[in-house]
Every structure is written in structure tokens, then in C-alpha cells.
Amino acid sequence: MIARHLIPATTIGVHRADAQTSIISLQGEITTKTENALMDAYTQATTAGAQAIILNFAGLKNMDSSGISLLIMLLVRVKRQRQRLLVSDLNERYCKVLKLVGLSQAIGIYETESQALTALAAVKEFNLGRIAG
Amino acid sequence: MNTLATQFAETNLHQAAWAPPVSRLKECHAPAGAINLNVRGLRVVGPLQGFGQLWQKTYWVRLSGLTISPAEVIRTWKENFDQFWPAGNHFYAPLTGIAPGEVALLNMSLPGGLPLSTGMLVLYSDDESFTLITPQGHFEAGWITFSVSEQDGCIVAQVQSLARAHDPLYEMGFLLFAHRTQERFWEQTLTRLASHFGVEGQVQMHKTCLEPSCQWLEAGNVWYNAALRTAIYTPIHLIRNLFRRVEIRH
């Protein structure tokens, strides 16, 4: 299932990687103008039953400080729903910004989407092992 | 090809607006008489590293009738940042101005006349906004963004903070009186900014508590509490200044 939330110069797409994981792909910028589109995408992913959300930033061109605030607000909602938030394909400079502001302590940052999915699968396997054990 | 080159240049420009990574804050510019404490060597802390309730507060003023661009307003705001603050509070800007990665010193007056020395790092700065992030010990953990934009043909100046009290002592202060003090502070700042441009602005405010619970794991932040550290240091600072004056006279 793919949905597109359009705002000028930015496209946000949502698709399901598996029953419990949704991927939100962003093309363009993440600023205050993106707030509604990003939150709509999150709501759509949650309604579809996602326990984990991966933000794929491969198409990210610009993120200003309101964009970082948006990530905090998204993280608050994710924590409230007891979900997990991961980020993939973020360029090196923005990775450093996320580390500087302390966001990397709460959001898993991965080089690629497949690495993020592998990490989620490993956590799932570990949890199943704990339940079985 | 040209479009690609332009996009590449734009991306670089956007990224240059961010502070480079810093593990600990460097020394900041402190004029004579200022208390330079609780800045050098400390880490910056975002909203996730604080203790209290997480608040987003937005203050704005419409600068009706102003014909200059948002970029010009933000330039004036950056250059005269300290002048718009309420009396008794000082923002000692870096010598190079408000630029990404620079550190500013703050000397503030808390209710009851208690002095507070802390700092802020310029996290982000572009033509229409700039953001300051707090270090350990500051009364809040988080950041504050100053921006100017055009809305419905009117220039709007805005202050937006996303922060929580840094430690349990500050949280107690916020619950008792500091929220109102802080809100008055930014209302006065925006009123002064509007006056600077000859506008009698009506400041509006909207606040949302994003996380009502405290992060008890961060209670240990109190070790860095800048208000306590400044209070302990202030008598020493006053005695030193007195001795310096006596030395100069002789």
C-alpha cells in the first residue's frame, strides 16, 4: 500500500515492509511546512498496525531546526504508542546533527533501509527467544 | 547538469547552516564584569536529556506595515539580540556574531535577584531563522528557534522553544513560577523587537505540554545546576572584583 502526502517540493510516501513495520520515505525537505504531511504519514502507518517505523531519508534535501523539532514530536508519539523509530539513509552531516542534539540515543540510525530491517528482525528474534526460553 | 549543480550547492548551503559536531563547549567571549561560568567543557543537552515535562511554546508578533524582508528583520534581530532582552539579563554574543557552532554567554537575573551564568550554542543559523541549544546546567534542556516569515502579506516574528526543565530543582521552579516568568520574558522581547521597527505589536502565545511526565533517570542533572553553581561562585566573584578595583586604585 502506498500513499502520497504532497506538500510543495516534498513528497512523503508510506509503505509496509511487513505486518509490523512501516516505512515512511521522504523526498524533499523536512521543515515546519512538512509537519502535517509527516504526522499524517505516521497516523497512516500506525493505523495499519505498525510496531516499528523506519524513516527513509534517502531523498532528504534539506532539514532545518524545525525539522529536528518535528522528529522529537514524532518520537514522543512513537513512545506513547510503545513503537520503535528508526532512521535510514541519512547523510553524514545530518547524522552528526542528530547525535549532537541527543536524538541518536532514542532513534536507531542505520546506513540503509535493509540494515534497519535486519536490526528489527534481530530484536524480534531475540524477544521471541526470551519468551520461548 | 546546471540543475544538479544548483541542487548540490543548495544542499551544501543548508548543511552549512548547522553547527559542526562538538563534544564539549569551548570558551566563550566574556566582557569585563560578566560572570563566565557553566559554559566551557560542558555538553549540549537536547529535550531528550532533560528532566521535567516537555513543553513546546510558541510566541509570535505580527509586524504589520513593515515593508522590509524577513531576512532583513532576522539580521537586525541577530545583530541586536541582547538589546531586545528585558532589563537585567545579558546575552553576550560571540565576537563573530550568531553563527553556527559559536557559543554565547548568558548572565541572567532569576526571581529574587539570584544571578545565573550559563551559555548557549548556536545550533542552526540561516537567513530567516536561528536556533540556540542549551548546555548542561541551563534551566532548560532543549532549544529555542527565532524566525521571521511572511504570512498573508505580513511579516511575523516568532520564538519557539522545545524544552523541558533540566533537573528536579528547576522543574520545581517551573511548577511554582518560572513558566510565567519565562513567558513574560519572551513577550517583552518580542514587544521590544516590534518597537525597534516602529510597530506596536500584540504578542500572542500558544503552549503545548508534549510529555507530562518527568524523566527520573535524568534527576542526576542537578549536579550541573548552573543556578546553584553561580550562587556558590558569586561571592568569590564579588570579592575578586573588589580586590581588582583596590589594586587599580593603588
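The legends below describe close-up views of a predicted model that contains chains A and B.

**Figure 1. The fold of chain A in the predicted model.** Chain A is built from four helices and six strands, and these follow one another along the sequence in the pattern β-β-β-α-β-α-β-α-β-α. The radius of gyration of chain A is 14 Å, close to the 14 Å that the globule rule gives for 133 residues, so chain A is as compact as a globular protein of that length. Taken along the principal axes, the C-alpha atoms occupy a box of roughly 50 × 35 × 25 Å. Of the 133 residues of chain A, 53% count as buried, and among the contacts in this chain with a separation of 6 or more, 64% come from residues 24 or more positions apart.

**Figure 2. Helix H3 of chain A and the residues at its two ends.** Within helix H3, which spans residues 92-100 of chain A, the buried residues include Tyr94(A), Cys95(A), Val97(A), Leu98(A) and Leu100(A). The N-terminal end of H3(A) is capped by Asn91(A), a side-chain oxygen of which lies 3.0 Å from the backbone nitrogen of Arg93(A). Just after H3(A), Gly102(A) adopts a positive phi of about 85°.

**Figure 3. The interface between chain B and chain A.** In this interface, 28 residues of chain B are in contact with 24 residues of chain A. The area buried between the two chains is about 2,200 Å², and carbon and sulfur atoms give 63% of this area. Gln15(B), Trp18(B) and Leu48(B) supply 29% of the area that chain B buries against chain A, more than any other three residues. Eight residue pairs are found in polar contact across the interface, both residues of each pair being at pLDDT 80 or more. The elements of chain B that give two or more residues to the side touching chain A are helix H1 (2-16) and strands E1 (54-63), E4 (115-125), E5 (129-133), E6 (140-151) and E8 (204-211), and H1(B) gives the most, with five residues. By residue class, the side of chain B that touches chain A divides into 17 nonpolar, 10 polar and one charged.

**Figure 4. Salt bridges of Glu211(B), with Lys79(A) and with Arg164(B).** The count between chain B and chain A is one salt bridge, in which the side chains of Lys79(A) and Glu211(B) meet at 3.3 Å, N to O. Lys79(A) counts as partly exposed at 40% relative accessibility, whereas Glu211(B) is buried, with a relative accessible area of 12%. The side chain of Glu211(B) also meets that of Arg164(B) in a salt bridge at 2.7 Å, N to O. This pair links distant parts of the chain, with Glu211(B) in strand E8 and Arg164(B) in strand E7 (residues 154-165) of chain B, 47 residues apart, and both residues are buried.

**Figure 5. Further salt bridges in chain B, including Glu27(B) with Arg40(B).** The closest N and O atoms of Glu27(B) and Arg40(B) are 3.3 Å apart, and the two residues lie in the loop between H1 and E1 of chain B, 13 residues apart. Glu27(B) is partly exposed, with a relative accessible area of 43%, while Arg40(B) is exposed, with a value of 61%. Elsewhere, a network of salt bridges links Lys57(B), Arg180(B), Glu183(B), Glu187(B) and Lys207(B).

**Figure 6. The surroundings of Ser147(B) in strand E6 of chain B.** Ser147(B) counts as buried at 17% relative accessibility. Not counting residues up to four places away in sequence, Ser147(B) touches Ile74(B), Trp77(B), Glu128(B), Ser129(B), Val156(B), Ala157(B) and Gln158(B).

Terms used
Residues numbered from 1 in each chain as written. Chains lettered and ligands numbered in written order. Predicted model: local features only at pLDDT ≥ 70, side-chain atom pairs only at ≥ 80, totals over all residues. Heavy atoms only, no water. Contact = heavy atoms within 4.5 Å. Buried area = accessible area lost by both parts, 1.4 Å probe. Salt bridge = Lys/Arg side-chain N within 4 Å of Asp/Glu carboxyl O. Polar contact = N/O pair within 3.5 Å; in protein donor to acceptor, adjacent residues only side chain to side chain. Nonpolar A, V, L, I, M, F, W, Y, C, P; charged D, E, K, R; others polar. Rg over C-alpha atoms; globule rule 2.2 N^0.38 Å. Buried < 20%, exposed > 50% of the residue type's maximum accessible area, 1.4 Å probe, protein only.
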